[in-house]
Amino acid sequence: MKVVLINKSDQTGGAAVVTKRLMEALRQEGIDARMIVVERLTDSPHIGSASSKWMTKVPFIAERLRIFLANGFNRADLFKVDIASDGLALWRHPWIKEADIVCLNWINQGMLSLKGIKRIADMGKPIVWTMHDMWNATGICHHAGVCKGFEQECGNCHLLGKCSAEGDLSHKVWRQKKALYDNVPIHFVAVSNWLANKCRQSSLMKDVDLSVIPNAFPIDKNFIERESLDENQPIKIVMGAARLDDPIKGFPTLIETLKLAKRLNPQLTDNLELVTFGSIRNPELFLQIPIKHTHLGIINNPGKIREIYRQCHIVVSSSHYETLPGTLIEGQADGCLPVAFDSGGQSDIINHEINGYLAPYSDDIHNNAKWLANGIFWAVDTIYSAKYGKIEARRGECGHTPPYNISRLTYDNVNRRFSASAVAQKYISLFNDLLAKR
């Protein structure tokens, strides 16, 4: 079986990382999987360029000009939307011609147009489209947030500013996507149940063929069991992101959480340390952190990131919403207990008060700080006591009976759900079904 995965980059961005992982996981299972990209940054022989660098600039510039004209020349929101109006002639690529299955991923910013997708389908190629955000379910945005326009037919898009109108660009692209979905057999894959539910709420995708298959993550086969801690030993909380102060990541909420925790229990928080890694545009935010803090900067080496998790005890996410937050999975794989808001794909990763803590989420930062602080207190108490409350009644949910090691519990959870082999097998089963139908 020959499978081609299409993604704009092989390294830049979350979609690039997990798409490359999927390609490698499929190859480990004996599938001839390859990847076509516009931005080729790695030297894998199984990754090919979509076109020459000069040719890739043409559709990219053309598409940005269309958006710039449609949003009233607003540079601030120019890259917050995509319209798939222009793209490369990938149906002419030799790997596409040879493929049995074409798997689309993040194809925006001039890589592949909606018309180009139809041209590939016209070749008789089954198409799987793995969604890493909400773009497929909306007119032009990647995350709808509080906007409910995608449940109708879009239009009046706030990202188009003064050019927002009932029949604006968001509505026009909605109609183009609707025409594509109605006439081209595409099987969509959501990487989390949260994203799948958003798709079912969408007027575009409520009737499409849809599966839920998570992203694959590198789970080390050589598990290192943690030693139990007593109340005199410090606990490290880790948070990592490509950009820590990206508004979506909710870093100010985490700071408020730690301030509240210190007021409520100063003795406990004296034993806590926050460890962060990633870029930050406003480093003055670090001055507001009320507990011991270490910032490690930008780290791109997966081995170093694993070592950071192994030296920490709690992995926290304060994101307002996430499709499938990889830091929670990677942290659990190396023995960290996750604490996060229940506002996205987090519920696919965490069983509340079994292998982590899911805090309620609202638009009020003070409520969020209170709920996330409760989660951190729960995690600290769990680590110190080396056992879970309610375990007798709910032990079937985690597959363990007491006593057991917390790090083993978190490791087993993600290894069962998100290991490369487990995810690859789900895709292979889907590919076989689609080929059988063809």
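The lining of the second largest pocket draws at least two residues from each of α5 (169-183), β6 (186-190) and α14 (420-437). Helices (H or I, at least four residues) and strands (E, at least two) are DSSP runs, numbered from the N terminus. The model is predicted; local features require pLDDT of at least 70, side-chain atom pairs count only at pLDDT 80 or more, and totals for chains, interfaces and linings use all residues. Residues are numbered from 1 along each chain as its sequence is written, and side-chain values use heavy atoms, with hydrogens and water left out.

The volume of the second largest pocket is about 390 Å³. Its lining comprises 23 residues. Val184, Pro185, Ile186, His187 and Asp209 lie nearest the centre of this pocket. By class, 12 lining residues are nonpolar, 3 polar and 8 charged. Here Ala, Val, Leu, Ile, Met, Phe, Trp, Tyr, Cys and Pro count as nonpolar, Asp, Glu, Lys and Arg as charged, and the others, Gly among them, as polar.

The structure also holds 4 cavities of 30 Å³ or more. On a 1 Å grid over the protein atoms alone, a cavity is a set of points where a 1.4 Å probe fits but cannot get out, and a pocket is an open set with protein on both sides within 12 Å along at least five of seven lines; lining residues have an atom within 4 Å of a point. Grid points are joined across faces, edges and corners, and a volume is the space filled by probe spheres set on the points. The largest cavity has a volume of about 70 Å³. Residues of its lining include Asn105, Trp106, Ile107 and Asn108. Trp129, Thr130, Met131, His132, Asp133, Trp135 and Asn136 also line this cavity. The lining divides into 5 nonpolar, 5 polar and 1 charged residues.

Two open sheets were identified. One has 7 strands in the order β3-β2-β1-β4-β5-β6-β7, with parallel pairing. Its edges are β3 (47-49) and β7 (209-212); each has a single partner strand, so one side of each is left without a neighbour in the sheet. Neighbouring strands are turned by 25° against each other on average, direction ignored. Two strands pair if DSSP finds at least two bridges between them. Strands β1 (residues 2-6) and β2 (residues 32-37) pair in the parallel sense over 5 bridges. Val4 stands opposite Arg34 in β2.

The other sheet has 6 strands, ordered β10-β9-β8-β11-β12-β13, and its pairing is parallel. Its edge strands, β10 (292-295) and β13 (357-359), each pair on one side only. The average turn between neighbouring strands is 20°, direction ignored. Axes are lines fitted to C-alpha atoms, for helices over the stretch in contact, and angles run from 0 to 180 degrees between N-to-C directions. Strand β12 (residues 337-341) pairs with β13 in the parallel sense over 3 bridges. Val339 stands opposite Tyr357 in β13.

Helix α11 (residues 365-385) has 21 residues. It reaches 30 Å from its first C-alpha to its last, close to the 30 Å expected at 1.5 Å a residue (1.5 Å times one less than the number of residues). Asp364 caps the N-terminal end of α11, with a side-chain oxygen 2.7 Å from the backbone nitrogen of His366.

Most residues other than glycine have a negative phi. Cys154 has a positive phi, near 55°. Asn156 also has a positive phi, of about 50°. Cys154 lies in the loop between β5 (127-131) and α5. Asn156 is found in the loop between β5 and α5.

Note on methods:
Polar contact = N/O pair within 3.5 Å; in protein donor to acceptor, adjacent residues only side chain to side chain.
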